[in-house]
Structure formats: structure tokens, C-alpha cells
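Subject: The structure I promised you

Hi,

Here is the structure we talked about, ready for you to open. Have a look around it first, then read on for what turned up.

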Amino acid sequence: MASSSTYFCPALIAATPPSSSLRRKFKVPAKPVGSSTPFSPSFGATSTRASYSRPKTNTDDVSDERVWNRRGLVFSATLPFLLPFCNSLDNVVAKAAESGKNEYQVMKDEIRKVVPKGRAAGVLRLVFHDAGTFDVNDNSGGMNGSIRFELERAENIGLKGPLKIVEKAKTEVDSAVQRVSWADVIAVAGAEAVSLCGGPTIPVALGRLDSTEPDPEGKLPQETQNASALKQGFQRKGLSVQDLVALSGAHTLGSKGFGDPNVFDNSYFKILLEKPLKSGGMSSMVGLPSDRALAEDDECLRWMTKYANDQDLFFEDFGKAYVKLVNSGAKWKSS
């Protein structure tokens with residue numbers, strides 16, 4: 001793929017419609033009421049920590065999907081949403097429970113059957129590319145399953161494989177419980193991919209509706225963008241600089257040079273802060289140009305330093321940002 005291609009990379013079912021309280025919760029305006037900025041102060045460093053749990057990991061070797069991983073996330077720098085999201089993890093957990101415990105568990109179980117660690121980065125990238133089209137200005141795009149219509153776009157090269165993996169899980173869930181939306185299963189799949197590789201356990205609310213057409217083109221960030229452009233792009237998606245940095249940490253998965261490609265940890269931040277040198281500059285083999293650009297920005301650097309020194313904080317903030325991501329632009333089922 002050309003260097004200018006989009007790199008925005010870095011996934012339930014509801015047997016019954018979400019409760020009326022859940023629907024009311026999600027009918028929040030795209031922008032915070034009474035605020036001129038789309039950033040969410042509740043996700044600052046002083047916010048109350050949520051109790052994400054880390055599942056045990058194993059050392060099973062799995063093939064490295066370098067094609068999927070390399071283009072990965074900049075969502076890593078460019079995610080989405082401002083949208084309706086819960087102010088506390090407790091609310092998110094409650095919403096997942098309301099959406100149907102049995103269905104949610106079936107979905108998670110089926111996803112874990114088909115997603116090996118070596119494919120986790122590709123599945124997570126699928127989430128970012130589906131949700132990353134969100135634009136808070138016109139409330140277009142977002143987490144709606146439209147990625148299945150957009151696989152021929154240059155920025156989505158390598159996502160056919162991850163989508164097929166998710167489809168396997170969706171087929172089993174559809175037959176075991178009831179038909180689920182692509183948007184829901186992709187959102188849950190990304191969360192399970194993170195957990196499978198040792199990252200935080202992230203509860204995902206169910207009830208999204210699927211789009212019947214592709215989202216507008218040109219909404220994903222470019223891997224060659226500098227930090228200023230990335231921050232502006234995230235703001236248009238309702239995400240703060242903190243969200244940008246936390247979500248970029250997903251690049252720790254895959255073959256981008258950040259520690260073990262199959263382990264979700266804070267190696268991304270530690271390695272970027274070390275600024276590995278090659279021929280007088282940071283190695284072009286480490287991460288994407290956008291990753292290296294974040295390490296040169298003072299505002300981003302402050303968050304990178306925090307996450308490099310505190311993996312629990314990174315897990316907490318990544319989980320919160322991920323919830324915002326998979327709710328961005330979503331349309332929800334009604335009773």
C-alpha cells in the first residue's frame with residue numbers, strides 16, 4: 001500500500017430490545033450540551049479508575065498476519081465518536097447485562113473460538129475502520145457494520161480476512177440465539193481480541209443497527225499525518241488527545257516493532273519513548289509515521305509517559321476510549 005494510504009486501524013446480540021432506560025441513555029446529542037469542545041473531560045487523568053480485569057495469557061504460537069497488522073490503527077490515531085457513552089464503567093456493564101446475558105456470552109464464546117492471537121490485530125483494525133468514519137459535524141459514519149461494503153477501498157486492504165473470521169462467529173450466534181447485527185459482533189470481537197492478548201476486559205453494550213450502504217470516503221486518518229493533523233482529526237470524531245494516545249496504544253499488537261506482537265501491553269509507549277535510532281533518526285521499522293509523530297508532540301508525550309509508567313492506567317483509559325469508539329455514530333434498536 002502506498003505510504004499515503006489511510007492507516008486508521010489501531011467488535012452482540014440482543015434477544016430482546018434494549019430496555020427503555022438504555023435507549024434513553026443512548027439518545028445523547030453528538031456534542032456535549034453546553035460545551036463548545038467535543039472532548040470529554042470525564043476521561044482525564046483524575047477520573048475514577050474503572051476495574052478492568054486482565055485475563056490470563058498463554059504462549060500459543062500463531063501465525064503473524066503482517067499484512068493486516070502493518071496498516072493498522074492510527075486509529076491509532078483516529079477514532080471516533082462523541083456519542084452516547086456511559087459516564088462510568090458500571091453503567092457500561094449494566095447495559096451489557098440488560099442487552100441479554102445469554103446472547104452476549106454466546107457471542108464472546110464463539111468469537112474466542114475463531115480468533116487466534118495472531119489474528120487479533122487484524123480484528124481490532126476492523127473495528128477501527130468501521131467506527132473511524134464517524135464525523136461529529138454531520139453525525140455521519142460510525143459503528144454501523146458498513147465496513148462490509150468498503151473492503152475494496154485502498155485504506156481497507158487486508159480486512160477481508162478479519163471480516164471472514166468475524167462472520168464465522170456471527171453465523172454461529174445467529175443460529176444459536178437470534179440474528180445479530182454486524183456492528184454488534186464486530187464491536188464485541190475487537191474487545192475480545194484485546195482481552196485474548198492479555199489486555200483489559202471491556203464490556204460492550206448491544207443493540208446497534210447495521211447500515212445498508214457504505215459510509216462516505218476520505219474519513220479515515222492518514223498514516224503520514226503529523227500530530228497536529230491527527231489531533232484535529234480525532235476532535236472531529238468526538239475524541240480527545242488522551243483518547244488518541246490511548247487508542248494508538250493498540251499498535252502494540254501486530255508486527256509494528258512494539259514488543260511481542262501477540263501481547264497487549266504498554267510496550268508501544270515504552271519503545272516510542274526510547275526513540276530507537278537508525279541512521280540518525282527513529283527507525284522506520286518501528287511503528288507508523290503517525291506513531292513516531294505522536295512521540296514528538298508535547299501534549300501527546302505527556303500521556304505517553306503516563307502510560308509507559310503505568311500499564312493499569314493505560315488499560316483503564318483504553319477501555320473507556322474503546323467504548324466511546326464502538327458507540328460512535330451508532331443507531332440503536334428500539335422496542
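D297 and K231 are both buried, and the two side chains form a salt bridge in this predicted model. Their closest N and O atoms are 3.2 Å apart. D297 sits in the loop between α11 (289-294) and α12 (298-309) while K231 belongs to helix α8 (residues 227-236), so the pair ties together parts that are 66 residues apart in sequence.

That pair has company: a search of the whole structure turns up 12 salt bridges. If you wonder what brings such partners together, side chains of opposite charge can pair when their charged atoms come close. R153 and E150 make another one, with the closest N and O atoms 4.0 Å apart. Both R153 and E150 are buried.

Now find K170 in helix α6. K170 meets D174 in a salt bridge of 2.9 Å, N to O. Both lie in α6 (residues 160-176), four residues apart, which is about one turn of the helix. Is K170 buried or exposed? Its relative accessible area is 3%, and under 20% means buried, so K170 counts as buried. Which residues does K170 touch, leaving out those up to four places away in sequence? They are R179, V180, S181, W182 and V185. Salt bridges that share partners also link K170, D174 and R179 into one network.

Next, the greasy side of things. In soluble globular proteins, nonpolar side chains tend to be buried together. The largest nonpolar core here has 70 residues, and I186, F264, F318 and Y322 touch the most other members. Helix α7 (residues 182-196) gives the most to this core, contributing 10 residues.

Some of those names come back when you look at the rings. The structure holds 12 aromatic pairs. Take Y307 and F314: their ring centres are 5.8 Å apart and their planes meet at 50 degrees, so this pair is tilted. Y307 has 0% relative accessibility, so Y307 counts as buried. F314 also counts as buried, because its relative accessibility is 0%. Both belong to one aromatic cluster, made up of F258, F264, Y268, F269, W303, Y307, F314, F315, F318 and Y322. W303, one of that cluster, also has a charged neighbour: the charged end of K306 sits over the W303 ring, 5.7 Å from its centre.

Two cluster members, Y268 and F269, are also among the buried residues of helix α10. The full list of buried residues in α10 is S267, Y268, F269, I271 and L272. Just after α10 you'll come to K275, which takes a positive phi of about 50 degrees.

Last stop: where does H251 lie? H251 is in the loop between α9 (241-248) and α10 (267-274). H251 has a relative accessible area of 0%, so this loop residue is buried. Try finding L288 from there: H251 and L288 are 37 residues apart in sequence, but 9.1 Å apart in space, C-alpha to C-alpha.

Happy exploring!

Technical notes. Residues numbered from 1 in each chain as written. Predicted model: local features only at pLDDT ≥ 70, side-chain atom pairs only at ≥ 80, totals over all residues. Heavy atoms only, no water. Phe/Tyr/Trp six-rings, centres within 6.5 Å; stacked < 30°, edge-to-face > 60°. Buried < 20%, exposed > 50% of the residue type's maximum accessible area, 1.4 Å probe, protein only. Lys NZ or Arg CZ within 6 Å of the ring centre and 35° of its normal. Core = buried A, V, L, I, M, F, W, Y, C linked by side-chain atoms within 4.5 Å. Contact = heavy atoms within 4.5 Å.
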